[in-house]
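User: I should like to go through the reasoning behind the labels given to this structure. Please set each value against the rule that applies to it.

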Amino acid sequence: MGALQQEAQHSIIIKSVRGLYTVASPDGVLTECPARGVLRKKGQEPYVGDYVRLEGNVIAEVLPRKNEIIRPPLANLDQLCFVVSMCEPQPNVRLLDKFIAVSAYKDIQPLLLLTKIDLASCEEIHRLYSSIGIPILLVDYQNPESLEQVRAAFAGKVSALTGNSGAGKSTLLNALDSSLAIPTGEISQKLGRGRHTTRHAQLYPLANGGYIADTPGFSTFDTQRYAIIRKDALADCFVEFAPYMEDCRFHDCSHTCEKGCAVLDAVERGSIPKSRHESYCDMYEEARQIKEWEL
């Protein structure tokens, strides 16, 4: 059951601009209001996606969150949907793996949406990520059934859409619900990416129920942009490592270079995709550089 079903009796923040929040009541009435200053002092600054209690036209209370991401500030996500273009720009496996790790760390369901499948093959990407249990939908604008599958995946849930600039996030949203009329950017042939057309986090209500957030595009994925993952928590974010970790010789195994590492053995046998382990090692090195004050 999605967050919307669980919190149907509460108002939800759908937009935040310069300290003013647009709040949707359970019956769909929109109110633009500030939040009480005491909330920020308590470390409870409202995020888009927060369920809140209003007193008059002021946010008086932020209800407990089930999850959150840092930038853009979004809360209570049911799923994080990554739009993957098969060309212009090319798929970036390292970026995908970081996204999936953040989803696991934050307990948000990941979903891959493969676009531009008429221009390049998606077979390799599909095989890799379906092998580790990641749900994948193919987006074909000439096939209405494929768009219906995406609509069904979003129905009744709070979802965030993210991915490389130019991958087609805003185009996809407009195809799902033309009333959204979200601006789209042209692809830069020189840079191979799109102009950033999304400036802030905002939840858009969908015609078949649920909300979708379009987030600013990016060309490289900084894990800390969404969540700071400690190095000792990172292996748990790679679900295919789980069957092997308890068999490692050392209980504090980093799964990067140790003799007697069952994860490394599984990589050698082909039981764990090599590219996934390489992504893990890259992220582990990044996590190792994180200073304590950043946490």
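**Reasoning behind the labels**

Analyst: In this predicted model, S103 is buried, with a relative accessible area of 0%. The residue is found in helix α3.

User: Why is S103 called buried?

Analyst: Buried means under 20% relative accessible area. The value for S103 is 0%, so the residue is buried.

User: What is S103 in contact with, leaving aside its neighbours within four places in sequence?

Analyst: With those neighbours left aside, S103 is in contact with L80, I108 and P110. Contact here requires heavy atoms within 4.5 Å. As for Q79, its C-alpha is 8.1 Å from that of S103, and the two residues are 24 apart in sequence.

User: How many aromatic pairs does the structure hold, and what makes the pair of F82 and F99 tilted?

Analyst: The structure holds 5 aromatic pairs. F82 and F99 have their ring centres 4.7 Å apart and an angle of 35° between the planes. The centres must lie within 6.5 Å for a pair, and planes that are neither under 30 degrees nor over 60 degrees apart count as tilted. The distance of 4.7 Å therefore qualifies as a pair, and the angle of 35° makes the pair tilted. This pair links distant parts of the chain, with F82 in strand β8 and F99 in helix α3, 17 residues apart. Both F82 and F99 are buried.

User: Why is the pair of F238 and F241 called stacked?

Analyst: The centres of F238 and F241 are 5.3 Å apart, with 25° between the planes. Planes under 30 degrees apart count as stacked, so the angle of 25° gives that label. F238 is buried at a relative accessible area of 1%, and F241 is buried at 0%. One aromatic cluster is formed by F238, F241, Y280 and Y284.

User: How do you know that R65 forms a salt bridge with D50?

Analyst: The closest N and O atoms of R65 and D50 are 2.7 Å apart. A salt bridge requires a side-chain nitrogen of Lys or Arg within 4 Å of a carboxyl oxygen of Asp or Glu, so the distance of 2.7 Å satisfies the rule. By this rule the count comes to 15 salt bridges. R65 lies over the face of Y47 as well, at 4.1 Å from the ring centre.

User: What makes R65 partly exposed and D50 buried?

Analyst: Buried means under 20% relative accessible area and exposed means over 50%, with partly exposed in between. R65 has 27%, so the label is partly exposed. D50 has 0% and therefore counts as buried.

User: Why are R53 and E61 both called partly exposed?

Analyst: R53 has a relative accessible area of 35%, and E61 has 30%. Each value lies between 20% and 50%, so both residues are partly exposed. R53 and E61 form a salt bridge, the closest N and O atoms being 2.8 Å apart.

User: How do you know that R276 forms a salt bridge with E240?

Analyst: The closest N and O atoms of R276 and E240 are 2.6 Å apart. The limit is 4 Å, so the pair counts as a salt bridge. The pair links distant parts of the chain: R276 is in helix α11, and E240 is in the loop between α8 and α9, 36 residues apart. Both R276 and E240 are buried. Elsewhere, salt bridges that share partners join R36, R53, E55 and E61 into one network.

Technical notes. Residues numbered from 1 in each chain as written. Predicted model: local features only at pLDDT ≥ 70, side-chain atom pairs only at ≥ 80, totals over all residues. Heavy atoms only, no water. Phe/Tyr/Trp six-rings, centres within 6.5 Å; stacked < 30°, edge-to-face > 60°. Helix = DSSP H or I, 4+ residues; strand = E, 2+ residues; numbered from the N terminus. Buried < 20%, exposed > 50% of the residue type's maximum accessible area, 1.4 Å probe, protein only. Lys NZ or Arg CZ within 6 Å of the ring centre and 35° of its normal.
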